[in-house]
Amino acid sequence: MFKELKPALSMLLLMTVLTGGVYPALITGLAQAIFPAQANGSLLYLKEKPIGSTWVGQSFSQARYFWSRPSATSVVPYNAAASSGSNLGPLNPSLKEAIQGRMARLLEGSPQQSTPIPVDLVTSSASGLDPHISAAAAMWQVSRVARERHLPEERVRELVHRHTEGRTFGILGEARVHVLTLNLALDQEITP
């Protein structure tokens, strides 16, 4: 019996070392050498302190900031360890209630707004972690942010345009705005 068990245990040990040690060390080393920023989380820094990632959204609730797309991660918003969609179908009453609540909050912050609310401000994405909103969603929020910061709307619109990224490869997706970098730019503005 030991004769049959010895090769099996030897193979188990070898594969454990290869797949549990050598391979991860090799891939980690390559990632650190070739893509160090991405391998370390694509972090954004402010005064040498990490404040976020370019790939994971953050929750902004103050009226003076642009608000992100809602997160579907439960308990803690934008929790990358719990990435998932809400799994609520279009006929689910809970989805309708959540959207109505988000719409009410948006309209409360922008009561003068008469244009329709962009869908990405009231629905979460499949991952629940999006750091971007559509350019239309950012423009929808301009009047509230300008009012709260005592800035001219045109100046805030200019910042949105400056932080609007085009379609991926010029054809995929739509124009989008990275909410954290836009809000950081707003914080750099001098209010009158």
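Buried here means a residue with under 20% relative accessible area. Keep that in mind as you work through these exercises on a predicted model.

**Exercise 1.** Work out what share of the chain's residues is buried, and what its surface is made of.

*Solution.* Start with the cut-off: under 20% relative accessible area counts as buried. With that, 32% of the 192 residues make the list. Next, turn to the outside: the accessible surface is about 12,200 Å². Carbon and sulfur atoms own 63% of that area.

**Exercise 2.** Lay out the order of helices and strands, then decide whether the chain is spread out or compact.

*Solution.* Count the elements: there are six helices and five strands. Walking along the sequence, you get α-α-β-β-α-β-α-α-β-β-α. Now the overall spread: the radius of gyration is 23 Å, while the globule rule gives 16 Å for 192 residues, so the chain is more spread out than a compact globule. The principal axes add some detail, with the C-alpha trace spanning about 80 × 45 × 35 Å.

**Exercise 3.** Find which residues of helix 6 are buried and what they pack against.

*Solution.* Go to residues 179-188, which make up helix 6. Its buried residues are Val179, Leu180, Leu182, Asn183, Ala185 and Leu186. Then look at the neighbours: these buried residues pack against strand 1 (43-46), strand 2 (49-53), strand 3 (132-134) and strand 5 (176-178), plus helix 4 (135-149) and helix 5 (153-162).

**Exercise 4.** Find how far apart the mean positions of the positive and negative charges are.

*Solution.* Tally the charges: 17 positive and 14 negative. Take the mean position of each set, and the two sit 4 Å apart.

Notes:
Residues are numbered from 1 along each chain as its sequence is written. This is a predicted model: local features need pLDDT of at least 70, side-chain atom pairs count only at pLDDT 80 or more; totals for chains, interfaces and linings use all residues. Side-chain values use heavy atoms; hydrogens and water are left out. Helices (H or I, at least four residues) and strands (E, at least two) are DSSP runs, numbered from the N terminus. The radius of gyration is taken over C-alpha atoms; the globule rule is 2.2 Å times the number of residues to the power 0.38. Buried means under 20% relative accessible area, exposed over 50%, partly exposed in between (1.4 Å probe, protein chains only). Accessible areas come from the Shrake-Rupley method with a 1.4 Å probe; for residues, only the protein chains shown count as cover. Lys and Arg count as positive and Asp and Glu as negative; His and the chain ends are not counted. The place of a charge is taken as NZ of Lys, CZ of Arg, CG of Asp or CD of Glu. Contact means heavy atoms within 4.5 Å.
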